[in-house]
Amino acid sequence: MKANLPPLDYVPLSEVVPGASSMRDFLTSGHGSIFAMTRAGKTELMRYFMKRRIKPLRVFYNPEEESVPGHQVADAEGLKRAIMAGHRSIVVTPPDTANNHTARFAAVAQVLWRIGDDLKRRNGGNKAPPWCILFVDEAQVVAGKDADPENPLRVILHRGLKRGIVAWCASQEPNLVSHSVMTQAQTFILLEVNRFRAPYLEGYGVPVGEIWDRLKQKYHGAVIHGNRVAFFRPIPKT
Amino acid sequence: MAEEIDVADVAAEVFKEAPAPVAEQAEAAAQVAKQARSKDYAKFAPSRFKENKIAQVINAAIDRFIGPRTGIEAAEHEVGESYTAFGYWAIGADPDQSSAALHPALAAAWATGTYTAAGALKHVSHDQPKTAPPIMPAEDEA
């Protein structure tokens with residue numbers, strides 16, 4: 001079904017997220033979570049974010065080997081070198097996609113954390129300005145339901161903002177991601193989601209019920225911040 | 001305020017330890033290649049490199065040689081020595097007998113993500129490269 005909705009570029013985001021007068025402000029205003037069923041446009045949306053020419057470093061953790069624009073690296077060492085070389089749109093695609101993403105992601109997170117720690121220190125111990133937007137695709141493989149408090153993604157979700165790191169987690173399975181992915185997100189983006197996910201999302205205060213008629217349709221997306229909602233067309237594929 | 005931060009400079013200070021010797025990086029590259037080879041590397045390589053121009057070379061090689069004509073001999077015949085050195089890595093060929101030994105700097109650059117399209121294309125245009133390709137600026141940022 002073709003959606004008669006504006007693309008995200010034309011959504012007045014500041015009416016949804018206070019103070020977000022630009023896409024950069026929107027993405028750095030706080031952590032976010034993106035949920036969608038498969039083929040609903042989740043990855044396409046993140047490609048769109050990665051393509052945007054915005055100042056903060058954008059890092060995409062890519063466990064599913066999606067084709068995502070940016071400087072391609074395989075691990076934390078590659079990420080470190082790419083940052084030092086001045087790249088600002090970096091895709092980390094671990095070569096062995098099946099195993100141990102928590103450890104692999106931990107190494108990636110450690111690189112960002114050390115820079116963020118340094119920026120916080122330079123800022124007199126106060127909150128560092130947002131310098132990094134970290135996209136984590138398939139967040140459930142990095143921080144699943146039973147992830148412990150030391151899980152690197154959970155640590156970033158709880159303490160990353162003070163170090164200028166904003167995380168956007170994406171998943172098809174909101175019920176399989178860590179509790180922190182749900183509770184620390186200030187903004188949700190929902191694309192087409194399965195009906196049986198709705199009660200789960202509502203349990204975390206996401207007003208899915210009220211917007212369900214829209215979300216059950218293909219190529220409909222919603223930006224949700226508190227009780228504010230704006231609908232958009234998730235990227236040009238209509 | 002974020003615009004004032006030069007993350008590259010900050011990172012250079014934070015990570016000011018000397019980079020790993022080329023031999024170590026080559027070993028790391030060999031591990032990556034082995035992992036790629038142990039998986040479905042025809043799936044692995046194209047997606048990993050799809051966004052840059054060298055991907056076109058690699059993908060073409062994979063399309064052509066992975067399948068009925070699997071083997072690096074065919075690649076050598078078709079694309080020549082210098083292309084093959086890079087192609088070995090792309091298609092997960094035996095690093096012990098090919099590019100790890102011949103081109104450790106190439107392998108290291110590939111493994112550490114500093115191998116950019118322009119650098120790679122420049123590199124593969126010369127036989128038997130001896131030095132690491134330059135670290136190029138990001139192509140997607142002005």
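# Close-up views of a predicted model

**View 1. Strand E5 of chain A is covered on both faces.** On one side, Cys132(A), Leu134(A) and Val136(A) are buried. On the other side, Ile133(A) and Phe135(A) are buried too. The model shown here, and in every view below, is predicted. E5(A) spans residues 132–136, and five of its five residues are buried, so the strand is largely enclosed by the rest of the structure.

**View 2. Strand E5(A) pairs with strand E2 and with strand E6.** E2(A) covers residues 57–61. E2(A) and E5(A) pair in the parallel sense, over five bridges. Look for Phe60(A): its bridge partner in E5(A) is Phe135(A). Now turn to E6(A), residues 165–171. Five bridges join E6(A) to E5(A), and these two strands run parallel. Which residue of E6(A) is the bridge partner of Phe135(A)? It is Trp168(A). Phe135(A) can therefore be followed in two directions, and as part of E5(A) it belongs to a strand with five of five residues buried.

**View 3. Asp137(A) sits in a loop after the strand.** The loop lies between E5(A) and helix H5 (139–142) of chain A. Is Asp137(A) buried or exposed? Its relative accessibility is 0%, so Asp137(A) counts as buried; the cut-off for buried is under 20%. Leaving out residues up to four places away in sequence, Asp137(A) touches Lys42(A), Thr43(A), Met46(A), Phe60(A), Tyr61(A), Pro63(A), Glu66(A) and Ala170(A). Phe60(A), one of these contacts, is the bridge partner of Phe135(A) from View 2.

**View 4. Gly221(A) is a buried residue of strand E8.** E8(A) runs over residues 221–225. Gly221(A) has 0% relative accessibility, so this residue counts as buried. What does Gly221(A) touch, not counting residues up to four places away in sequence? The contacts are Leu190(A), Leu191(A), Leu215(A), Ala230(A), Phe231(A), Phe232(A) and Pro234(A). Pick out Pro6(A) as well. Pro6(A) and Gly221(A) are 215 residues apart in sequence. In space, C-alpha to C-alpha, they are 10.0 Å apart.

**View 5. Helices H3 and H4 of chain A pack at an angle of about 35 degrees.** Their axes are 8 Å apart. The crossing is right-handed. From H3(A), the contact uses Ala76(A), Leu79(A), Lys80(A) and Ile83(A). From H4(A), it uses Ala107(A), Val108(A), Val111(A), Leu112(A) and Ile115(A). H3(A) covers residues 76–84 and H4(A) covers residues 101–122.

**View 6. Helix H1 of chain B has buried residues on the same side.** H1(B) spans residues 7–14. Val7(B), Ala8(B), Val10(B), Ala11(B) and Val14(B) are buried. Why do they share a side of H1(B)? They cover an arc of only 160 degrees around the axis, which puts them there together. What covers them includes H3(A) and H4(A), from the other chain. Asp6(B) caps the N-terminal end of H1(B). One of its side-chain oxygens lies 3.1 Å from the backbone nitrogen of Ala8(B).

**View 7. Chain B has eight helices and zero strands.** Along the sequence, the pattern reads α-α-α-α-α-α-α-α. How much of chain B is buried? Buried residues make up 49% of its 142 residues. Now consider the contacts in chain B with a separation of 6 or more. Residues 24 or more positions apart account for 54% of them.

Conventions
Residues are numbered from 1 along each chain as its sequence is written. Chains are lettered from A and ligands numbered from 1 in the order in which they are written. This is a predicted model: local features need pLDDT of at least 70, side-chain atom pairs count only at pLDDT 80 or more; totals for chains, interfaces and linings use all residues. Side-chain values use heavy atoms; hydrogens and water are left out. Buried means under 20% relative accessible area, exposed over 50%, partly exposed in between (1.4 Å probe, protein chains only). Helices (H or I, at least four residues) and strands (E, at least two) are DSSP runs, numbered from the N terminus. The arc is that of the directions from the helix axis to the C-beta atoms. Contact means heavy atoms within 4.5 Å. A polar contact is a pair of N or O atoms within 3.5 Å; within protein, one must be able to donate a hydrogen and the other to accept it, and residues adjacent in sequence count only if both atoms are side-chain atoms. Two strands pair if DSSP finds at least two bridges between them. Axes are lines fitted to C-alpha atoms, for helices over the stretch in contact, and angles run from 0 to 180 degrees between N-to-C directions. A crossing is left-handed if the near helix is turned anticlockwise from the far one by less than a right angle, and right-handed if clockwise.
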